[in-house]
Amino acid sequence: MALTQDDVSRIAKLARLQLSSDEQAALLPQLNGFFSIVEQMSAVDTSGVDPLYTPLSAVQEVALRLREDRVTESDQRDLNQRSAPAVEDGLFLVPKVIE
């Protein structure tokens with residue numbers, strides 16, 4: 001799927017970038033090149049391939065550095081909510097912003 005100049009303009013607008021027409025023209029082949037690489041990578045059959053913890057694990061044994069899953073801090077909800085303007089049932093109350 002190749003992008004057009006209109007696509008680049010729309011992407012720039014969504015990203016809130018102000019690009020001149022020359023900058024957009026220079027960006028178009030770069031974006032198309034990126035999407036070409038993504039399409040090539042998507043075409044590769046990866047069924048039966050286990051995900052890697054790190055790319056290094058493909059060539060050497062890597063020990064996972066996982067910590068023990070245990071509680072290390074006490075519940076300080078009341079202390080943390082003391083400065084909140086409004087709290088109810090342990091939850092912060094905030095003004096409605098969407099109508």
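# A walk around the predicted chain

Start by selecting Phe34, Phe35 and Val38: together these residues make a nonpolar patch on the surface, with about 250 Å² of accessible area between them. Keep in mind as you look around that this is a predicted model.

**Stop 1: the patch, residue by residue**

Colour Val38 first. Valine 38 sits in helix α2, which covers residues 21-43. Is Val38 buried, exposed or partly exposed? Its relative accessibility is 32%, so valine 38 counts as partly exposed. Now move to the two phenylalanines. Phenylalanine 34 is partly exposed because its relative accessibility is 48%, and phenylalanine 35, at 33%, is also classed as partly exposed.

Show the rings of both as sticks. How many aromatic pairs does the structure have? The count is one. That pair is formed by phenylalanine 34 and phenylalanine 35, with 5.3 Å from centre to centre. Turn the view until you can see both ring planes: the angle between them is 70°, and the arrangement is edge-to-face. The label follows because planes over 60 degrees apart count as edge-to-face.

**Stop 2: zoom out to the whole chain**

Switch to a cartoon view. You should find three helices and two strands. Reading from the N terminus, the order of elements is α-α-α-β-β. The radius of gyration is 25 Å, well over the 13 Å that the globule rule gives for 99 residues, so the chain is more spread out than a compact globule. Rotate the C-alpha trace and you can follow its span along the principal axes, about 55 × 50 × 20 Å.

Next, try a surface view. The protein chain exposes about 9,600 Å², and carbon and sulfur atoms supply 55% of that area. Of the 99 residues, 10% are buried. If you display contacts with a separation of 6 or more, 21% of them come from residues 24 or more positions apart.

**Stop 3: a buried glutamine**

Select Gln81 now. Glutamine 81 belongs to helix α3, residues 77-81. Its relative accessible area is 10%, and because buried means under 20%, glutamine 81 is buried. Which residues does glutamine 81 contact, leaving aside its neighbours within four places in sequence? Add Val87, Gly90, Leu91 and Phe92 to your selection, as these are its contacts.

**Stop 4: two residues with positive phi**

From there, step to Asp89. Aspartate 89 lies in the loop between β1 (87-88) and β2 (91-92). Check its backbone: phi is positive, about 55°, although aspartate 89 is not a glycine. Its relative accessibility is 71%, so aspartate 89 counts as exposed.

Then jump to Arg16. Where is arginine 16 placed? Look in the loop between α1 (5-14) and α2. Arginine 16 is not a glycine either, yet its phi is positive at about 55°. With a relative accessible area of 73%, arginine 16 is exposed.

**Stop 5: the salt bridge**

Finish with Glu68 and Arg70 shown as sticks. Side chains of opposite charge can pair when their charged atoms come close. The structure holds one salt bridge. It joins the side chains of glutamate 68 and arginine 70, and the N to O distance is 3.7 Å. That distance qualifies because the cut-off for a salt bridge is within 4 Å. Is glutamate 68 buried or exposed? At 59% relative accessibility, glutamate 68 counts as exposed.

Terms used
Residues are numbered from 1 along each chain as its sequence is written. This is a predicted model: local features need pLDDT of at least 70, side-chain atom pairs count only at pLDDT 80 or more; totals for chains, interfaces and linings use all residues. Side-chain values use heavy atoms; hydrogens and water are left out. Rings of Phe, Tyr and Trp (its six-membered ring) pair if their centres lie within 6.5 Å; planes under 30 degrees apart count as stacked, over 60 as edge-to-face and the rest as tilted. Buried means under 20% relative accessible area, exposed over 50%, partly exposed in between (1.4 Å probe, protein chains only). Patches are made of residues with over 30% relative accessible area and no salt bridge: like charges are joined within 9 Å, nonpolar side chains (Val, Leu, Ile, Met, Phe, Trp, Tyr) within 5 Å. Accessible areas come from the Shrake-Rupley method with a 1.4 Å probe; for residues, only the protein chains shown count as cover. Helices (H or I, at least four residues) and strands (E, at least two) are DSSP runs, numbered from the N terminus. Contact means heavy atoms within 4.5 Å. The radius of gyration is taken over C-alpha atoms; the globule rule is 2.2 Å times the number of residues to the power 0.38.
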